[in-house]
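Me: Hi! Could you walk me through how to read some features of this structure?

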Amino acid sequence: MGGAILDYSDPGFGIYVHWPFCAAKCPYCDFNSHVRHKPVDQPRFVAAFQREILQMRAITGARTVTSIFFGGGTPSLMAPQTVDEILSAIGRAWDVAIDAEITLEANPSSVEAERFRGYRAAGVNRVSLGVQALNDSDLKTLGRLHSVSEALTAIELARETFPRLSFDLIYARPGQSVQDWERELDAAIGHAADHLSLYQLTIEQGTPFYGLYKSGRLKIPDGDLSADLYEATQALTSARGLPAYEVSNHAVPGAESRHNLTYWRYGDYVGLGAGAHGRLSHAYGRIGTVNRRLPEQWLEQVETLGHGMESEERLDTEAQADELMLMGLRLREGFDVTRWRDLSGRSVDPDKESFLISHGLLERLGNSRLRCTPAGMMVLDAVVADLAA
Ligand code: SF4
């Protein structure tokens, strides 16, 4: 992994596998995750993943897979054999690089030593743990099923079992002060290995938190406090050797998530499973794929048609340029303006660029890259909207 962050030219080729089930639904979550009250028929899902893999292989042709990511939902509810069979099917369809990063998201409440050993034996070499808070009362507010002590046990077990470990925390929680967060983050960094994902709590429409927020029963930090929390996060993680390489992701240099870098560097990736998205290049151009969102509908469609796609859209070069900029500006390394110009057929508007640079929101990195400054990252959506318009 060392030095991977500087290799802008090869965004890699990733495979995303979505496991759409959770033991309970967290009140802030708008991910494609579902609670089922009877056991999931995992062999049936494995057979569907195997079919979808064959279909995707026909679209991509021979490629070398540089990363595989089991996301969810709660992939740690998958039996190790399920993970093993899906990885084997991927290995039969494509070459998998010898040093491919293979990540599985796990919840501390579903962590068991034997299960972890099973994932490791199947080939998983990185775990991303959904810790979310190191404070029991906030874990309760967030509707999480684990306690701080269970999270710490899971971290220890993950460290012993996998070469690489990341965990997620949510901040800007109800009632959280900058000092509270700094104390918690400092403790978290003490437990972290090489990577942390730190997300601000956002209130998404359609979630229980949205209703509580709208009715005034849930108060979250306002804009100023959120900005202070964000700045404190950047300062502390940098000082402790895990600077941000993306808006919400922090790593010891060289330990960045290779899979996520493929998204943000606008590389190709296959999306497998319910609701998964993909970006694929083939002889006719680049396409975006979106799978059926409901697990049972995805399953039935794969069993009938061999794939779970709901739509497959040809991306024109203008759309690709927009996506490249949108993704690249999330990264500390920014995006390649030459690649953007080749796709869009025009140069980045010099007036807009100068305006954003003069306001301290954008900067040049060498001759060919543009990136957000830390201040620009805080208003990323506005910078993107301005530059892309
Ligand atoms: S565990 Fe994760 S995916 Fe599942 S409901 Fe909670 S936040 Fe959503």
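Reply: Sure, let's start with angle words: under 35 degrees counts as roughly parallel, over 145 as roughly antiparallel, 65 to 115 as roughly perpendicular, and the rest as oblique. The angles run from 0 to 180 degrees between N-to-C directions, and axes are lines fitted to C-alpha atoms, for helices over the stretch in contact. Helices (H or I, at least four residues) and strands (E, at least two) are DSSP runs, numbered from the N terminus.
One caution: this is a predicted model, where local features need pLDDT of at least 70, side-chain atom pairs count only at pLDDT 80 or more, and totals for chains, interfaces and linings use all residues. Residues are numbered from 1 along each chain as its sequence is written, and side-chain values use heavy atoms, leaving out hydrogens and water.

Me: At what angle do helices H11 and H12 pack?

Reply: About 160°, with 8 Å between the axes of H11 (residues 317–328) and H12 (residues 337–344). H11 and H12 are therefore roughly antiparallel to each other. On the H11 side, the contact (heavy atoms within 4.5 Å) includes Leu-324 and Met-325, and on the H12 side Trp-340 and Leu-343.

Me: And how do H1 and H2 pack?

Reply: H1 (residues 42–60) and H2 (residues 80–93) make an angle of about 15°, and their axes are 10 Å apart. That's why H1 and H2 are roughly parallel to each other. Among the contact residues are Phe-49 and Ile-53 of H1, plus Ile-86 and Ile-90 of H2.

Me: What about sheets? How do strands hold on to each other?

Reply: Strands of a sheet pair through backbone hydrogen bonds, either parallel or antiparallel. Two strands count as paired if DSSP finds at least two bridges between them. Here, an open sheet of 3 strands runs in the order E13-E15-E14, with antiparallel pairing. E13 (335–336) and E14 (362–365) are the edge strands, each pairing on one side only. E14 and E15 (residues 369–372) share 4 bridges, and Leu-362 has Cys-372 of E15 as its bridge partner. Helix H13 (residues 350–358) packs on this sheet, touching E14 and E15, and its direction makes about 105° with that of E14.

Me: Last one: which residues surround the ligand?

Reply: To be near a molecule, a residue needs a heavy atom within 4 Å of it. Around the ligand you'll find, among them, Cys-22, Cys-26, Cys-29, Gly-73, Asn-107 and Arg-144.
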